[in-house]
Amino acid sequence: MTRKILTFVILFFISSIDLYFPLFSYILNMKGVAMKANIHSFESFGTVDGPGIRFVIFFKGCPLRCQYCHNPDTWDRAEHHLFTIDELFEEIMKYKSYIVPDGGVTASGGEPLLQIEFIIALFERLKKFNIHTAVDTSGITFQPNSVESIRLHEKLAEVTDLFLLDIKHIDNEAHQRLTGVENKNILAFARFLSKHHKKIWIRHVLIPHITLDEAALIGLREFIQELDTVERVEVLPYHTLGTMKYKKMGLKYPLEGIQPPTREEVEYAKGLLEIKERKEEKK
Ligand code: SF4
């Protein structure tokens, strides 16, 4: 009996050793410690990027060029603020009493999954403390024909509680015009998440003349209905708050003259996406 208790205590100590001793953590997790993330900024009391109060990390770099993007300053990958896992973890833990138990940490950007290995290592650490993890992504990094890409995204899925997936346009050509890239891999990522039983919140920016389109919205609804794990669908009305950044950066604003949708247009889009009915179905 005493031997059993002793074995249990030793096993428990070994399994949680890196929680208590940074030196052991360093030895056990050399890769995570050596890695550095390129970070644009943080938001310590985010309320829209997942459940509860969130510590939101905006990672630097994005391969898309969405015409409505209000964060063009996150696009380039020039080094900004570099953080190791330990440094970022320490920063997050300052806010632990706000984000636990109902909130958590959200990796956003830019496109956070350009730094997927860092996010996996960070989330592995957070899960040891039962902290809820979410990724706000365009899904562009997923390559359904690459074994390595699937392996990495599976690893990510293991330590991520929620995916906020931005589907920019359901029509591939319109998606290319709007973002500069095809949507095939993005839709494949949505199917991959559903297959792996991962919770998804779909986000869709509503832009008059571009995504405010009956056929496209119905197409998006039909696509979403193919997925088994969508918990929520959000229509985000397009806004022009980012235009000043374009001016500051010397860039031409691509959607000059396009106004945000009216409340009626937002309701119309929600109706086509059957958002209320879907929420009730999932309760
Ligand atoms: S994916 Fe996000 S950060 Fe990248 S261009 Fe589009 S809106 Fe901007």
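**Exercise 1. Contacts along the chain**

Task: Find what share of the contacts in the protein chain between residues at least 6 apart in sequence join residues at least 24 apart.

Solution: The model is predicted. Take the contacts between residues at least 6 apart in sequence; 78% of them join residues at least 24 apart. For the setting, the protein chain has 14 helices and eight strands. Of its 283 residues, 35% count as buried.

**Exercise 2. H169**

Task: Decide whether H169 is buried or exposed, and list its contacts beyond four places in sequence.

Solution: Step one is to place the residue: H169 sits in the loop between strand 6 (162–166) and helix 9 (172–179). Step two is the neighbour count. A residue is buried if 20 or more other C-beta atoms lie within 10 Å of its own. H169 has 24 other C-beta atoms within 10 Å and is therefore buried. Step three is the contact list. Leaving aside neighbours within four places in sequence, H169 touches A174, H175, L178, N183, T211 and A216. One of these, T211, is 42 residues from H169 along the chain, and the two C-alpha atoms are separated by 6.5 Å.

**Exercise 3. Helix 11 and helix 13**

Task: Describe how the axes of helix 11 and helix 13 cross, and state which residues meet.

Solution: Start with the axes. Helix 11 (residues 214–226) and helix 13 (residues 263–273) have axes that come within 8 Å and cross at roughly 40°. Next, classify the angle. Angles under 35 degrees count as roughly parallel, and 65 to 115 as roughly perpendicular. The crossing angle is roughly 40°, so helix 11 and helix 13 are oblique to each other. The crossing is right-handed. Finally, list the residues: helix 11 supplies E214, L217, I218, L220 and R221, which meet A269, L272 and L273 of helix 13. By class, this contact has six nonpolar, no polar and two charged residues.

**Exercise 4. Cis peptide bonds**

Task: For the peptide bonds from V100 to P101 and from G109 to G110, give the geometry and the omega value.

Solution: The bond joining V100 and P101 is cis, with omega about 10°. P101 belongs to the loop between helix 6 (96–99) and strand 4 (104–108). The bond from G109 to G110 is also cis, with omega near 20°. G110 is in the loop between strand 4 and helix 7 (116–127).

**Exercise 5. The ligand shell**

Task: Name the residues around the ligand and sort them by class.

Solution: The list is C62, L64, R65, C66, C69, N71, T74, G109, G110, E111 and S138. Both G109 and G110 appear in this list, and a cis peptide bond links them. By class, the shell has four nonpolar, five polar and two charged residues.

**Exercise 6. Positive phi at N130 and H197**

Task: State where N130 and H197 lie, and decide whether N130 and H197 are buried or exposed.

Solution: N130 is not a glycine, yet has a positive phi of about 60°. N130 is located in the loop between helix 7 and strand 5 (132–137). A residue is exposed if 12 or fewer other C-beta atoms lie within 10 Å. N130 has 9 C-beta neighbours inside 10 Å, so N130 counts as exposed. H197, likewise not a glycine, has a positive phi of about 60°. H197 occurs in the loop between helix 10 (184–195) and strand 7 (199–206). With 9 other C-beta atoms within 10 Å, H197 is therefore exposed.

Methods. Residues are numbered from 1 along each chain as its sequence is written. This is a predicted model: local features need pLDDT of at least 70, side-chain atom pairs count only at pLDDT 80 or more; totals for chains, interfaces and linings use all residues. A residue is near a molecule or strand if its C-beta atom, placed from the backbone, lies within 6 Å of it. Ala, Val, Leu, Ile, Met, Phe, Trp, Tyr, Cys and Pro count as nonpolar, Asp, Glu, Lys and Arg as charged, and the others, Gly among them, as polar. Axes are lines fitted to C-alpha atoms, for helices over the stretch in contact, and angles run from 0 to 180 degrees between N-to-C directions. Helices (H or I, at least four residues) and strands (E, at least two) are DSSP runs, numbered from the N terminus. Angles under 35 degrees count as roughly parallel, over 145 as roughly antiparallel, 65 to 115 as roughly perpendicular and the rest as oblique. A crossing is left-handed if the near helix is turned anticlockwise from the far one by less than a right angle, and right-handed if clockwise. Two residues are in contact if their C-beta atoms, placed from the backbone, lie within 7 Å.
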